[in-house]
Amino acid sequence: MGTALIYDEEMTKYKLLWVDPACKIEVPERLTVSYEALVRSGLSDRCVSIPPREATDAEILLAHSEEYLEAVKKTPYMTLEDLKEFTLQYGDVYFHPNIYHCAKLAAGSALQLVDSVMTGKVRNGIALVRPPGHHSMRSAANGFCVFNNVAIAAQYAKQKHGVKRVLIVDWDIHHGQGVQYCFEDDPSVLYYSWHRYEHQKFWPNLRESDYDSVGKGNGAGFNVNVPWNKVGMENSDYLSIFCHVLLPVAYEFCPDLVLVCAGFDSAIGDPEGEMCATPDIFAHLTHLLMNLAGGKLCAVLEGGYNLTSLPQSVCQTVQTLLGDPLPQPAGLRSPCKSALESLQCVRSAHRRYWSFLKHAANQPSTDISTKRIKLANEEEGKTEMAVEERAAEIKEWPEPPERPSPPVRCASLLPEDVACPDGLKLFSSSKDLHPLLASKLQNGADDQDALITVSRLYAMIEKMLTNEIGSGLVLISDISAAMMGALQDLPSDLVDRVLVVCVGKEKDLNYLTTDGKMLFVQISDEDKEKEKNKYFIPVSLKKGCSDTAGFIQAVLGLLLPLAYEYDPTLVLLVRTPGSGVDDSMWQQLIGLLLGFAKGHTLVLMQTNEKVHVGPTASALLGRPAPPLLELQTLDQEDGEALERLRERLQTDWKMLQTTSEGTE
Ligand code: Q9C
Ligand code: ZN
């Protein structure tokens, strides 16, 4: 199951033929530099290359009016003067004799991609296209867009492939108002967009781009707008919105297909976005979506105007689609006050529609809609100044780090009677005791077996940290003993930050340290109210891990943001016997955890849990988790308890903040 790449040089063959400052950034080089970067890095060779085709009239009419299509059809025969005049009726767009041809190819590329993914020819893919699509409306070109490639693709997926629910994630820095208008009253398509807004002062300056446009009629709740009211948003702001808004809604929506309006003008250096998120953030955004819809993800290029950050961002996205280890999300700051304000408003506006947001806080006491007016009057000068300073500052940023794949993707340590699953490599280590444990032997440790197990665990961890192996799967007879053995004197020269995720009950954990070398998060039905501290975080659910709704809530809203902030060098995932977690949930968890520590996750399970070896191995190899079925609505008390826990931990962990109150 590969990754499709759709590209054709033909789509570079139109350009602006007159002077128009608003359109001069939309150049053919956007496509050539992106494609060349994929070729140079060897990524394009690893993809399945699929040719575009022209979308048919009938397909274009899935999102556009006949009058509009007929009008665009005439543009190839127009004189320069006619083209200029034709262009004038629309906003921030230009026409060229060849743009109609390219627009048909761009829409057709999106359809080819949907076909390849839906028929199982590939797992996922990306289409590099021009012109972009998300601003074009039923009867109007707009914002460099002629046909709405992604909107057409969503309709097509429903019609041709019987897809029931489509999630559209628009991470372009502009609001895809064309997509919003197309699906506003349609509950089968969930449109999510974040966009530079600045209280309506930024293009396209629409009232309906604000957080309170949630969809209409049956579609209420299926339109999610996150307005950025300041420029300079960073990685932590983007990730925070994903963890606390998009992912809870997306998991509850349970899409059959994910389409991404993949604009990279939301990256650092872009003259339009003026944001500060680095290109490697797109690796994480992509990864976080890759376990939805059984992995069926189609990314279609939208904006992106900095010819350095655009190709870097495209490469990060493609490399993630291909399944390479994620870059470490290092040095996250806390989300800024303005981002938290938006976050709080969106969650509040949507909490009546989504049980996963039901316990969200109210809007900030000073409503940001009143601020709109205030800002326009008082703070304008100050804000604009800051914008200019920042934009002038950012000309350089470090190149995204390499993401080398380990020679062994996943190693296993299994008892003799368990067959090694396909794709895993049996781990062999010397019979000698690990040097770090030698002193223990001299001290006369009584349990030789446990010591040998720990010794082999250390050897495995060592090989992970030198990137000789990616992830690991270990089955042992006494999981408590192994865990205690491995963790109680875990030498910091071996690993400096371990995220320990414990699924299910575990008796005494008094060997855990509180010095920050470990972060322990446990999900179970036990209440350990008193023991909590910054690095020991028990999450209690009434029905324990068998409650998928509570579990996923805890994973998305607590575990992910904690893990991003902690930035572990190793993840240890422990499944205690009888935890009750269901296989698809377990696979989702593994899939998400592989985004940390460059994919170095070590799973510990007890010998008598052999039946779960297959699904665990599959997830560790990066295969998509099956979608979660039977998501019950979240238990009221559990929901409130999770909210309280998050609130209490916010002082220590800034990525857990979901309100702007009390922040600078
Ligand atoms: N500062 C896309 O990213 N406004 N379209 C330009 C000049 C139009 C963006 C104003 C921006 C259109 C697909
Ligand atoms: Zn854009």
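This talk goes through two ligand sites, one sheet and one loop histidine of the structure above. It is a predicted model, in which local features need pLDDT of at least 70 and side-chain atom pairs count only at pLDDT 80 or more, while totals for chains, interfaces and linings use all residues. Residues are numbered from 1 along each chain as its sequence is written, chains are lettered from A and ligands numbered from 1 in the order in which they are written, and side-chain values use heavy atoms, with hydrogens and water left out.

I start with ligand 1. There are 14 residues around ligand 1, where "around" means having a heavy atom within 4 Å of it. Those that come nearest are Asp-92, Gly-143, Asp-265, Glu-272 and Tyr-305. The shell divides into 5 nonpolar, 5 polar and 4 charged residues. Here Ala, Val, Leu, Ile, Met, Phe, Trp, Tyr, Cys and Pro count as nonpolar, Asp, Glu, Lys and Arg as charged, and the others, Gly among them, as polar.

Now some distances. An oxygen atom of ligand 1 lies 2.6 Å from a side-chain N or O atom of Tyr-305. For Asp-265, a polar side-chain atom is 3.0 Å from an oxygen atom of the ligand. At Gly-143 the partner is a polar backbone atom, 3.1 Å from a nitrogen atom of ligand 1. Taken alone, ligand 1 exposes 400 Å², and the protein buries 83% of that; these areas come from the Shrake-Rupley method with a 1.4 Å probe.

Asp-265 appears again at ligand 2, the zinc ion. Which residues are its protein donors? They are Asp-172, listed twice through OD, His-174 through ND1 and Asp-265 through OD, at 2.0 to 2.6 Å. A donor is an N, O or S atom within 2.8 Å of the metal (3.2 Å for Na, K and Ca), and since water is not among the atoms, sites may look incomplete. Along the chain the donors follow the spacing D-x1-H-x90-D. Asp-172 and His-174 are both buried, meaning under 20% relative accessible area with a 1.4 Å probe and protein chains only.

Next, the sheet. It is open, has 8 strands with parallel pairing, and runs S10-S9-S11-S16-S15-S12-S13-S14. Strands (E, at least two residues) are DSSP runs numbered from the N terminus, as are helices (H or I, at least four), and two strands pair if DSSP finds at least two bridges between them. At the edges are S10 (425-426) and S14 (536-540), each pairing on one side only. Strands S12 and S13 run parallel, joined by 6 bridges.

Last, His-135 sits in the loop between strand S3 (122-127) and helix H7 (149-161). His-135 counts as buried because its relative accessibility is 3%.

Methods: A polar contact is a pair of N or O atoms within 3.5 Å; within protein, one must be able to donate a hydrogen and the other to accept it, and residues adjacent in sequence count only if both atoms are side-chain atoms. Buried means under 20% relative accessible area, exposed over 50%, partly exposed in between (1.4 Å probe, protein chains only).
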